[in-house]
Amino acid sequence: MPRRPHLTEPLSRPVRGLLAALLLLGAATACTPTLEVDTPEVDGADARVCDALADALPDELANARRREVVSSGSEAVAWGDPPIVLSCGVGTPLGFSRVASACQDVAGVDWFVPDEQMEDQTAEAVATTIGFDPALELRIPADYRPPVQVLIEIAPAIKDTVPNPNPCVVADPRD
């Protein structure tokens, strides 16, 4: 029987190291299960914008890697564990009023975050874009507080892909 050295000789140190790294990578990926996200249904132009945004979003956000998401309706994207979750095509946030609510402009994107969430740094923050069509909701777990760095990092993709026909106008307190 002919000798098969590739089956009987030990693997070289670099090959063993590469195999170990691949096994660790596979184990790390397997530890972060697919995330299921309930999102609203969108269609037509909104669906195309949501798809384009999902493609434009970074692979890493707040030092957290992007993870696999299954959404019930429109696009959703998530990073890390606990997950930062961005949903596309959401409605007007509860408690928001164009007349009375404050908008936070972070890196050129207008956000609404309820006052109680701004004050409580130990709770999840739910930020919703204002003026962008379709609207986006970003859920930021307390582990990533304060949320401003996450909002800064995600702003370029939003500004490049989501129309902003109705920017939030903050009243001048001197008026």
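Q: Helices (H or I, at least four residues) and strands (E, at least two) are DSSP runs, numbered from the N terminus. How many helices and strands does the protein have?
A: This is a predicted model: local features need pLDDT of at least 70, side-chain atom pairs count only at pLDDT 80 or more, and totals for chains, interfaces and linings use all residues. Residues are numbered from 1 along each chain as its sequence is written, and side-chain values use heavy atoms, without hydrogens and water. The secondary structure comes to five helices and 10 strands.

Q: What share of the protein's residues is buried?
A: The protein has 175 residues. Buried means under 20% relative accessible area, exposed over 50%, partly exposed in between (1.4 Å probe, protein chains only). The buried share is 37%.

Q: Within what arc do the buried residues of α3 fall?
A: Helix α3 covers residues 44–56. Its buried residues are Val49, Cys50, Leu53 and Ala54. Seen down the axis, they line one face of the helix, because their arc (directions from the axis to the C-beta atoms) is within 135°.

Q: Which exposed residues sit on the face of α3 turned away from its buried side?
A: The buried residues have cover that includes β3, β5, β6, β10 and α5. The face turned away carries Arg48 and Asp55.

Q: What is the relative accessible area of Thr128?
A: Thr128 lies in strand β9, residues 125–129. Beyond neighbours within four places in sequence, its contacts (heavy atoms within 4.5 Å) are Val90, Gly91, Pro93, Asp110, Trp111, Phe112, Leu136 and Glu137. Thr128 is buried, at 3%.

Methods. Expected span 1.5 Å × (residues − 1).
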